[in-house]
Amino acid sequence: MTHAVLQRLRRTTDAIIGEDDLLDRLRSGRRLRIKYGVDCTAPHLHLGHAVNLWMMRALQDLGHRVVFLLGDLTTRIGDPTGRSETRPMLSPEEIEANAAAFLDQVSLVLRTEPDVFEVRRNSEWFGTMDVAELLGLFSQVTHAQLMARDMFRARIDAGREIALHELIYPVLQGYDSFAIGSDLTIVGSDQLFNEQLGRHFQQRLGADPQVVITTMITPGIDGGPKQSKSLNNYIALTDTPRDKFGKVMSLPDSLVETYARVYTELPLDTVAGLGSSAAHGGPAARDAKLRLAAAVVTRYHGAGTAKAELDAFTRIFSERNEPADMPEVLLDSPTANVLDLLQAARPADSKSDLRRLIRQGAVSIDGTKVTDAEQTVRVDGGVVLRSGRRTWHRIKCR
């Protein structure tokens with residue numbers, strides 16, 4: 001049983017620090033405390049983040065507990081991971097709003113019953129820690145240890161400043177592991193340095209060191225750097241089933257096997273078969289992506305929804321039909337220009353982004369491409385607006 005658990009985790013594991021300890025703890029039958037720490041910055045969780053969440057979920061299903069640690073105090077400092085400049089500090093109100101949004105998003109994967117889910121905040125211990133105790137923590141970490149971190153070295157080499165509060169961030173995150181009694185943490189490789197400091201503090205303070213599992217990082221959906229909001233190359237947990245399906249269908253053929261392995265629960269022999277089909281290109285690659293897209297949607301929304309999206313995709317893109325269930329937008333005026341229509345249909349997008357869509361030829365009215373943002377359109381009888389490959393709206397006058 002223990003080895004079966006470990007084998008399941010290995011599917012998306014890059015490395016395990018303390019593997020023998022993990023085996024011993026699983027054999028003991030004791031409920032593990034799994035640290036999942038987040039800064040309370042605005043959450044935009046995507047499939048890459050969910051790799052760790054699904055591993056934790058598997059352990060929750062065996063009775064282990066996830067300790068969801070909100071770094072409400074350390075968020076005021078800012079994790080320097082991957083950053084070339086100091087990050088602006090957030091207000092307490094922003095931190096609280098972001099914390100609530102984080103809880104909403106992680107609940108899309110994690111179970112949140114009290115028996116297997118516990119919420120903590122690191123202000124619980126750091127908010128009451130006196131200066132003498134804090135200095136005692138700092139005395140247990142050397143300058144050489146901190147300077148071993150690659151982003152600090154890179155900042156120095158580039159002649160950029162490192163603020164003192166950024167240097168102490170890894171120390172505080174490391175102490176969090178001791179404070180909550182972490183047995184295991186599952187993180188991306190970019191967090192390994194901080195979690196190694198967690199092991200360091202636990203050993204120094206007389207506790208058993210946590211096991212650290214680092215997970216696989218995949219390219220974004222464009223085949224480039226890892227998924228991120230800034231690059232718009234990600235599949236968000238909060239994306240609709242249709243958007244998830246469509247984004248998977250846009251993957252380069254070369255990523256099909258990797259995404260199937262990391263982001264689905266398809267059997268590994270099926271995963272290998274999808275990779276082989278994708279490598280042939282053409283219809284075989286398309287069919288492999290359809291299978292992958294359905295598996296991704298099934299994991300988050302259920303098999304029934306995945307079947308509906310598969311049917312819709314086939315109908316719209318293979319048969320070139322319009323979706324039957326496109327959202328409706330009502331205008332007060334019977335006429336509007338193309339840019340106004342787009343703004344009404346896509347209020348979250350900026351004007352510059354909408355104009356770019358028009359220039360790129362990605363906008364059509366009733367099946368006719370439009371390239372003039374100021375072109376007047378009559379909507380009193382209703383028109384179908386398509387913007388991009390997967391977005392449709394029916395525009396009507398009230």
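The following paragraphs describe the domains of this predicted model and a pocket lined in part by two of them.

The domain assignment divides the chain into domain 1 (1-215), domain 2 (239-318) and domain 3 (328-397). The account below concerns domain 2 and domain 3, whose C-alpha centres lie 29 Å apart. Contact between these two domains involves 6 residues of domain 2 and 4 residues of domain 3. The size of an interface is often expressed as the accessible area that is lost when the parts come together. Between domain 2 and domain 3, the buried area is about 460 Å², and carbon and sulfur atoms give 58% of this area. The rule for salt bridges finds 0 of them across the interface of domain 2 and domain 3.

Both domains also take part in the second largest pocket, as its lining draws at least three residues from each of domain 2 and domain 3. The volume of this pocket is about 1,200 Å³. Its lining comprises 37 residues, and those nearest the centre of the pocket are Asp243, Lys247, Arg346, Arg390 and Thr391. Two or more lining residues come from each of helix 11 (241-249), helix 15 (303-318), helix 17 (351-359) and strand 13 (391-397). In terms of residue character, the lining of the second largest pocket consists of 16 nonpolar, 9 polar and 12 charged residues.

Conventions:
Residues are numbered from 1 along each chain as its sequence is written. This is a predicted model: local features need pLDDT of at least 70, side-chain atom pairs count only at pLDDT 80 or more; totals for chains, interfaces and linings use all residues. Side-chain values use heavy atoms; hydrogens and water are left out. On a 1 Å grid over the protein atoms alone, a cavity is a set of points where a 1.4 Å probe fits but cannot get out, and a pocket is an open set with protein on both sides within 12 Å along at least five of seven lines; lining residues have an atom within 4 Å of a point. Grid points are joined across faces, edges and corners, and a volume is the space filled by probe spheres set on the points. Helices (H or I, at least four residues) and strands (E, at least two) are DSSP runs, numbered from the N terminus. Ala, Val, Leu, Ile, Met, Phe, Trp, Tyr, Cys and Pro count as nonpolar, Asp, Glu, Lys and Arg as charged, and the others, Gly among them, as polar. Domain bounds come from an automatic or database domain assignment. Contact means heavy atoms within 4.5 Å. Buried area is the accessible area (1.4 Å probe) that two parts lose on being put together, summed over both. A salt bridge is a side-chain nitrogen of Lys or Arg within 4 Å of a carboxyl oxygen of Asp or Glu.
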